Amino acid sequence: MGSLSRKHFLGLKETPADDIKKIIDTGFMFREVLDRPVKKVPSLTGMNIVNLFFENSTRTRMSFELAEKRLSADVINFSASSSSLKKGETLKDTVQNIHAMKMDAVVMRHSAPGSILQLTKFVDAIVINAGDGTHEHPTQAMLDMMSIHEKFGKLKGIKVAIVGDICHSRVALSNIYGLITMGAEVTLCGPPHLLPVGIEELGVNISYNIDEVIEWADVLNILRIQRERMGIGIIPSVREYRSSFGITQERINQHQKEIVIMHPGPMNRGVEIDSTIADGEQAIILDQVLNGVAVRMSILYLLLSQGEEKEA
Ligand code: CP
């Protein structure tokens, strides 16, 4: 097994297909480990990893910590809310202090787009992006692609619709980069003002008609409607959004077709997705969560277990 072509894992914009394939293949290997009675391997024994979360997270944070522990790494969790950042310490000083404690890898989530690239200039350690503002969330896209691959046995030619607020979604952007690289067909669907101008240049289709998209797609990846944006008028009302773009039971019943339902979480049940759909037979939302642990084990393993010189 080889390593990845880059030192860090910052985004999928320039991640080659070979790396994506390797991460998914290794992810399936680690999925088997997670099904064993003893769910642990010694691959990263002696490695030190710090998880820096400057923004709230449930899935990504727990998933990284579990992945690191399953690989036998030593793990430190840093929470901004209980740190000296509250006393005015800068991000640079914070991470340089952490790095002085001889960390091999830093996993970071931060609300500022581009902050992850900045981090690579402050530390020598391997840096992994756990979500940087509205920019990228590459490990989420990797677990999404692994879950689609698990379902269909391939990514090439699979029709994936990403539905919702594309403009503010790091999950959408990383999925677009990864899926297009792997030869999937991608359609974006949502209110016109929530689809970025010129996004078609990335090789995606655009639709404003959710029913046409459901007819076309093999997979619906449904994004969270960020309630905090409703207050500032970006989304007029929950009822209007649900009626135009919500994946409701009634809407799915009308189409009478097999379709895989995905959601990165956290979900707004009754807004972008009905509970009966989220908990229904076509949904693979909890499989995504399990694959998240496996794919993060894969990324950590491929980045940390090789000592070769790599492109930064
Ligand atoms: N999907 C995702 O990033 O969820 P969290 O914000 O809970 O990590």
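User: In this predicted model, which residue of S7 is the bridge partner of threonine 187?

Analyst: Strand S6 covers residues 185-189 and runs parallel to S7, joined by three bridges. Strand S7 spans 205-207. The S7 partner of threonine 187 is asparagine 205.

User: Which strands are the edge strands of the open five-stranded sheet?

Analyst: The strand order is S7-S6-S5-S8-S9, with parallel pairing. An edge strand here pairs on one side only. That holds for S7 (205-207) and S9 (260-262).

User: At about what angle does helix H6 run to S5?

Analyst: Helix H6 comprises residues 170-181. It lies across S5 (159-163), S6 and S8 (219-222). Its angle to S5 is about 165 degrees.

User: Why do the buried residues of H3 line one face of the helix?

Analyst: Helix H3 (residues 91-100) has Leu91, Thr94, Val95 and Ile98 as its buried residues. Those residues pack against strands S1 (48-53), S2 (74-79) and S3 (105-110), and against helix H4 (115-122). They line one face because, seen down the axis of H3, they fall within an arc of 85 degrees.

User: Which helix gives the most residues to the largest nonpolar core?

Analyst: This core has 61 residues; Ile128, Met142, Met145, Ile162, Leu188 and Leu300 touch the most other members. Ten of its residues come from one helix, residues 285-304. That helix is H11.

User: How many residues are in the other core, the one with Phe245?

Analyst: This core lies apart from the largest one. Its members include Ala217, Phe245, Ile247 and Ile285. The count is 24 residues.

Key: Residues are numbered from 1 along each chain as its sequence is written. This is a predicted model: local features need pLDDT of at least 70, side-chain atom pairs count only at pLDDT 80 or more; totals for chains, interfaces and linings use all residues. Side-chain values use heavy atoms; hydrogens and water are left out. A nonpolar core is a set of buried Ala, Val, Leu, Ile, Met, Phe, Trp, Tyr and Cys residues joined through side-chain atoms within 4.5 Å. Buried means under 20% relative accessible area, exposed over 50%, partly exposed in between (1.4 Å probe, protein chains only). Helices (H or I, at least four residues) and strands (E, at least two) are DSSP runs, numbered from the N terminus. The arc is that of the directions from the helix axis to the C-beta atoms. Contact means heavy atoms within 4.5 Å. Two strands pair if DSSP finds at least two bridges between them. Axes are lines fitted to C-alpha atoms, for helices over the stretch in contact, and angles run from 0 to 180 degrees between N-to-C directions.
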